Amino acid sequence: MRIGRLDLTSMEGSPAGKRGQWGRRLASALVLLASVAALTLILSDHGIKGRLRPSESSMFPVVQAPVQRVQEREPVTDVALMQAEEARYRALSEFVAKRYRVSQDVAFDLVTVAHRAGRQLQLDPLLIIAVIAIESRFNPIAESSAGAKGLMQIIPKFHGDKLEAFGGEQAVFEPEANIHVGARILKEYLRRTGNLGIALQMYAGALDDNEDQYTRKVLNEHVRLQQVIAPSHQRPARPATVRSAAATPVNYPNVIPSALD
């Protein structure tokens, strides 16, 4: 009797073969269920971590919201600064208009130009306004017997080079040109002397005045202007001696402005 190899395919219809097929199907189903369960646990764990540790999500690049808020605040800040600046100009121009009997609109324009010149030269704009007040009382066509002209009483023959940038000596009566040139002259004297009192006396051509009368007038007017824009509890005191700022006393000769250019 010859015994050959067992043909399993011929036994698929048998009860044992059917049990094998069901076993394989069951194993595949269990593997699938296990995979789904593992995936569900992973996703659930990730969601819990995200809820319990929100600081981890902040480590990722979602930073545009704060930047947008800063950008939105900038125009508001600019508007606030502009409003504060305009209020300052208005207060000063009202004071000038009332004290020197000029149009408030004209006074506002002159105050604005003085601030612009002060920013460009890093010079106190209130000092510029005070010099205008003492020199010309805000009369743009004022002219002295010595040939000083305009708001800050500039002598064109001494400062023609500075007026060239504004079209020449004929620009001396133009308010903006006059203020910018006068402020530049004063800034140069301050830089050379290092003393506000001496620089002001030099501006007036009155270095031989040991009582510094011109400087006192300007500084007193400067205090009035400060009081206009300062709160009542921060009102500045009256100026003291005007030449005390110099580290070492210096005797300056009586010179005309052209000798210093």
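**A walk through an all-helix model**

Hi everyone, let's start at Leu30, which sits in helix H1, spanning residues 15–52. Before going further, please keep in mind that this is a predicted model. So, is Leu30 buried or exposed? Leu30 counts as exposed, because its relative accessibility is 51% and the cut-off for exposed is over 50%. Leu30 also has company: together with Leu26 and Leu33 it forms a nonpolar patch on the surface, and the three share about 320 Å² of accessible area. As a reminder, an α-helix has 3.6 residues a turn, so residues three or four places apart point the same way.

Now let me step back to the whole chain. We have nine helices and zero strands, so to speak a run of α-α-α-α-α-α-α-α-α when you read along the sequence. Of the 261 residues, 31% are buried. The chain exposes about 17,200 Å², with carbon and sulfur atoms supplying 57% of that area. If you take contacts between residues at least 6 apart in sequence, 55% of them join residues at least 24 apart.

On to the inside. Which residues touch the most other members of the largest nonpolar core? They are Ile128, Ile129 and Tyr203, in a core of 43 residues. Two or more residues each come from H3, H4 (104–121), H5 (125–136), H7, H8 (196–203) and H9 (213–229). H5 gives the largest share, eight residues. Have a look at Tyr203 on your screens: its contacts beyond four places in sequence include Met152, Ile154, Ile185, Leu186 and Tyr214.

Next, Val96, in helix H3, residues 64–100. Val96 counts as buried because its relative accessible area is 1%, and the limit for buried is under 20%. Leaving out residues up to four places away in sequence, Val96 touches Arg101, Val102, Ala107, Ile129 and Phe138. You met Ile129 a moment ago, as one of the residues touching the most other core members. Val96 and Leu225 are 129 residues apart in sequence, yet their C-alpha atoms are 8.9 Å apart.

Last stop, helix H6, residues 156–163. Its buried residues are Pro156, His159, Gly160, Lys162 and Leu163. Seen down the axis of H6, these fall within an arc of 165°, so they line one face of the helix. What do the buried residues of H6 pack against? Their partner is helix H7, residues 175–193. Over on the other side of H6, Lys157 and Asp161 are exposed.

That's my tour; thanks for listening!

Note on methods. Residues are numbered from 1 along each chain as its sequence is written. This is a predicted model: local features need pLDDT of at least 70, side-chain atom pairs count only at pLDDT 80 or more; totals for chains, interfaces and linings use all residues. Side-chain values use heavy atoms; hydrogens and water are left out. Helices (H or I, at least four residues) and strands (E, at least two) are DSSP runs, numbered from the N terminus. Buried means under 20% relative accessible area, exposed over 50%, partly exposed in between (1.4 Å probe, protein chains only). Contact means heavy atoms within 4.5 Å. The arc is that of the directions from the helix axis to the C-beta atoms. Patches are made of residues with over 30% relative accessible area and no salt bridge: like charges are joined within 9 Å, nonpolar side chains (Val, Leu, Ile, Met, Phe, Trp, Tyr) within 5 Å. Accessible areas come from the Shrake-Rupley method with a 1.4 Å probe; for residues, only the protein chains shown count as cover. A salt bridge is a side-chain nitrogen of Lys or Arg within 4 Å of a carboxyl oxygen of Asp or Glu. A nonpolar core is a set of buried Ala, Val, Leu, Ile, Met, Phe, Trp, Tyr and Cys residues joined through side-chain atoms within 4.5 Å.
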